[in-house]
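Here is a short, friendly tour of the charged side chains in this protein. Keep the viewer open as you read.

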Amino acid sequence: MTEAETPRRTETVTNGIPVSTGVGIGPLFVFAESFAFDAPAYCLMPEAIAPEVDRLKRAIVAAKDDLDHLRAEAALKVGEQDARIFLLHRQMLDDSSFQTQIERAIREDKINAEAAVSAVVSRLSDAFARLEDEIARDRATDIRDVGRLVMRNLGNRDPSTLVAPGEKYVLVTRELFPSDAANLDKDRLAAIVTEIGGKASHAAILARALGIPAVTGVNRFDDLAKRGGSTLIVDGRDGTVVIDPAPETLERYRKRGRAFDRIRESLAAGPSLPGMTRDEVPVELLINVENPGDVLPDRLDGLAGVGLYRTEFIYMNRPFFPSEDEQLAVYQQVLKRAGTREVVFRTIDVGGDKPLPYFRVDREDNPALGWRGFRISDQWPDLFIAQMRALLRASAYGNVKIMLPMVSTVEEVRRAQAIVQDLKSDLKRRGTPIAPKVQVGVMVEVPAAAIAIESLLREADFVSIGSNDLIQYLMAVDRNNARVAALYQELNPSVLKVIANVIRAANRVGKEVSLCGEMAGNFYCTLVLLGLGLRRFSMARHYLTGVGRLLRAVSIDEAEAAARRALNFFTTGEVKAFLGARTRDIFSSIGVALDESDLE
Ligand code: PEP
Ligand code: MG
C-alpha cells in the first residue's frame with residue numbers, strides 16, 4: 001500500500017502535565033535511548049527512509065574496510081591464525097541476510113539505522129546465546145562486536161535532519177536529559193512531550209526558557225514510538241496531547257495557537273523594562289541562562305543582568321571535565337556580552353536529575369537527597385578549586401558574583417569562603433588580576449537553609465531562593481515524578497510562609513535576596529512575591545515581558561495587601577483562586593485579556 005492509500009488514523013486524545021505554555025503542532029518525532037547499545041533511536045518520516053537505508057549501506061561498506069585493516073594489522077602483530085577472527089566478522093557482514101534484516105527493520109518499523117542494527121543484533125545474539133553448543137554460543141559475542149562496528153560507522157547525527165526540511169516537529173521522548181535538551185535545535189521544535197518529568201524538571205525549565213510548548217507525564221511512550229508518520233497537537237496550557245487529529249480538531253487548535261500568539265503580542269506591546277512598580281519602586285529583573293551559547297537579549301535596556309548562570313551546562317556534552325582555562329574562556333565570553341551588567345555564576349550543580357556522562361556516581365537510593373550540588377564541590381576540592389579560580393580570574397573582565405547551590409549548613413558556606421579567600425590571596429600573590437570584591441552568595445533551596453536563614457546571612461554576601469528545589473524538599477515531592485506532580489505546589493501556604501521568612505530576614509539585615517526558581521517567571525506568583533518584599537526576580541527571558549508588565553501595573557500597597565491575604569489561606573486552591581483573579585484583573589486594567597490557563 002502506498003502512503004497515499006494509507007487509511008487516516010483515528011484521533012486519540014491523552015493528557016499530561018502542562019509544563020511550558022503555548023500550542024505546538026507537527027509531525028511526531030521519537031527520540032529514545034536504544035536498549036542494546038548506547039545509541040539513539042528515532043521514528044522516521046516516510047521521506048527519510050530511503051536516505052536512511054543508504055546511510056546503513058555506507059556504514060556497512062566502511063565497517064568492512066575497517067575489518068580488512070584490523071585483520072592486516074593483527075596478522076602482523078599476532079600472526080595470520082589469530083587474525084582469522086576478523087575474517088569471520090567480515091564474512092558476517094558479507095552475508096546478505098544480515099544487511100537485509102536491518103534494512104527491513106528500517107523500512108517496516110520506520111526506525112533509524114542505529115535502532116535497526118540494535119534490534120537485529122540483539123535478536124541474533126540472543127538466539128545464539130541460547131544454543132547448547134559452546135562454540136556456537138560464542139558467536140553471540142562476535143555478532144555484537146560486528147554490530148558495534150557498524151554502529152560506530154553510523155556516527156552521530158542531528159535528529160532534526162530526519163524530519164522533512166523546513167517542518168517543525170514534536171519531540172517525543174521517555175525522559176529529556178538536560179544534556180539532550182541543550183543540543184536541541186529550537187527553531188525546528190514545535191513542542192516536546194515526555195513520559196517522565198514534572199513542572200520543575202530541568203527539561204521543563206529548558207522548554208520554558210526556549211519558549212517551546214511542553215507536556216510531561218504522558219504515559220504512552222511505547223505506543224507513540226510505533227507511530228511513525230503521525231501528527232501531534234500539544235497544548236502546553238492544559239496538558240492535552242492529540243494524536244492523529246481530525247481536520248476539524250487541527251483547525252480548532254490552530255485557532256487557539258493564534259489566540260495565544262495574540263496575547264503574547266499584546267503583552268509585548270507595552271514596556272516591561274526596566275523593572276518597576278506602578279508607584280515607581282524599582283524592581284530588578286534578571287534572566288536565567290542555561291547554555292553558554294545563549295546570547296544576552298538585545299534591546300533589553302534596563303535588564304539588571306544574569307541572576308542565575310547554571311554553569312553545569314559547560315560540563316555537559318563533552319568527554320571530560322573542562323579545564324580551568326576552558327572555563328575561563330566561557331565565562332569571559334558571557335561577561336563580554338553582559339557588559340556592565342552583573343552575572344551570578346552558580347557553581348557546578350550536577351547530581352540528582354543532572355548526571356554527567358563521564359562522571360559516574362555510585363547508584364544512590366535517593367539521588368535528590370544524595371551527592372549533588374555543593375556537596376560534590378565540598379568533597380572534591382580539585383573540581384571546586386578549578387572552577388573558583390576560573391571565576392575569580394574572570395572577575396577581572398566583568399561584574400561577577402558567585403553562588404553556591406544546595407547548601408544545607410553554615411559550615412559548608414564557611415568552608416567555601418575559606419577556599420575562596422585562599423585562592424584570592426594566591427592569585428594576588430602571583431599578580432593575576434581579579435576584581436577587588438567578588439561576592440559569594442548562597443542558594444536557599446534546602447529547608448534547613450531556609451530555617452537557619454539568619455545564620456546563613458552572616459556568612460553569605462547575598463542569597464537567592466531556589467524555589468524549584470525548595471518546593472521539592474518542603475513538599476517531599478520529587479520534581480521529576482509525574483505521579484506526584486499535583487503535590488508540587490508553588491503556592492502552597494507552607495511554601496509561601498518559608499519564602500516570606502527568607503525575604504524578611506534578608507531585608508532586615510540589608511542583604512540582597514532574589515528568587516531564581518521558576519516561580520519568578522510565573523505570573524500567578526508575581527503579586528505575592530512583590531508583596532512579601534522581593535525586589536529581584538530572575539527568570540527565563542521569555543517571561544520578562546509578562547512579569548515586567550504586571551509589575552508596572554501594580555502598586556506596592558496593592559501587592560502587600562494581596563500577600564497578606566494570600567498568607568492567610570489554608571489551601572493552595574484558595575491561594576491560587578485569589579491570586580489568579582487579582583492577576584487577571586490587573587492585566588485587564590492594561591488591556592491584556594488572559595484566560596486561566598494562560599497564567600501558568
Ligand atoms: C532551583 O532549585 O530553584 C534552581 C534555580 O536551581 P535548579 O532548578 O537548577 O535546580
Ligand atoms: Mg536547584
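## Before we start

A residue is called buried when its relative accessible area is under 20%, exposed when it is over 50%, and partly exposed in between. Please keep in mind that this is a predicted model.

## Two buried salt bridges across the chain

Let's begin with Arg-310 and Glu-290, whose side chains meet in a salt bridge with an N to O distance of 2.3 Å. The partners sit 20 residues apart and link distant parts of the chain: Arg-310 belongs to strand E11 (residues 305-310), while Glu-290 is in the loop between strand E10 (284-289) and E11. Arg-310 has a relative accessible area of 3%, so it counts as buried. Glu-290 is buried too, with a value of 3%.

Next come Glu-312 and Arg-346, another salt bridge, where the closest N and O atoms are 2.6 Å apart. Glu-312 is in helix H10 (residues 312-315) and Arg-346 in strand E12 (residues 342-346), so this pair ties together parts that lie 34 residues apart in sequence. Glu-312 is buried at 0% relative accessibility, and Arg-346 is buried at 3%.

## A pair within one helix, and a network

Glu-103 and Arg-107 also form a salt bridge, with 3.5 Å between the closest N and O atoms. Both are in helix H3 (residues 96-109); because they are four residues apart there, about one helical turn separates them. Glu-103 counts as buried at 16% relative accessibility, whereas Arg-107, at 43%, is partly exposed.

How many salt bridges are there by this rule? The count comes to 36.

## The magnesium site

Which protein donors does the magnesium ion (ligand 2) have? They are Glu-445 (OE) and Asp-469 (OD), lying 2.0 to 2.2 Å from the ion. Glu-445 is in the loop between strand E14 (439-444) and helix H15 (447-451), and Asp-469 is in helix H17 (residues 467-475), so the two tie together parts 24 residues apart in sequence. Both Glu-445 and Asp-469 are buried.

## A negative patch on the surface

Finally, turn to the surface, where Asp-279, Glu-280, Asp-557 and Glu-560 gather in a patch of negative charge. One of these, Glu-560, lies in helix H21 (residues 556-568). Glu-560 has a relative accessible area of 30%, so it counts as partly exposed.

Key. Residues are numbered from 1 along each chain as its sequence is written. Chains are lettered from A and ligands numbered from 1 in the order in which they are written. This is a predicted model: local features need pLDDT of at least 70, side-chain atom pairs count only at pLDDT 80 or more; totals for chains, interfaces and linings use all residues. Side-chain values use heavy atoms; hydrogens and water are left out. Patches are made of residues with over 30% relative accessible area and no salt bridge: like charges are joined within 9 Å, nonpolar side chains (Val, Leu, Ile, Met, Phe, Trp, Tyr) within 5 Å. Accessible areas come from the Shrake-Rupley method with a 1.4 Å probe; for residues, only the protein chains shown count as cover. A salt bridge is a side-chain nitrogen of Lys or Arg within 4 Å of a carboxyl oxygen of Asp or Glu. Lys and Arg count as positive and Asp and Glu as negative; His and the chain ends are not counted. The place of a charge is taken as NZ of Lys, CZ of Arg, CG of Asp or CD of Glu. Buried means under 20% relative accessible area, exposed over 50%, partly exposed in between (1.4 Å probe, protein chains only). Donors are N, O and S atoms within 2.8 Å of the metal (3.2 Å for Na, K and Ca); water is not among the atoms, so sites may look incomplete.
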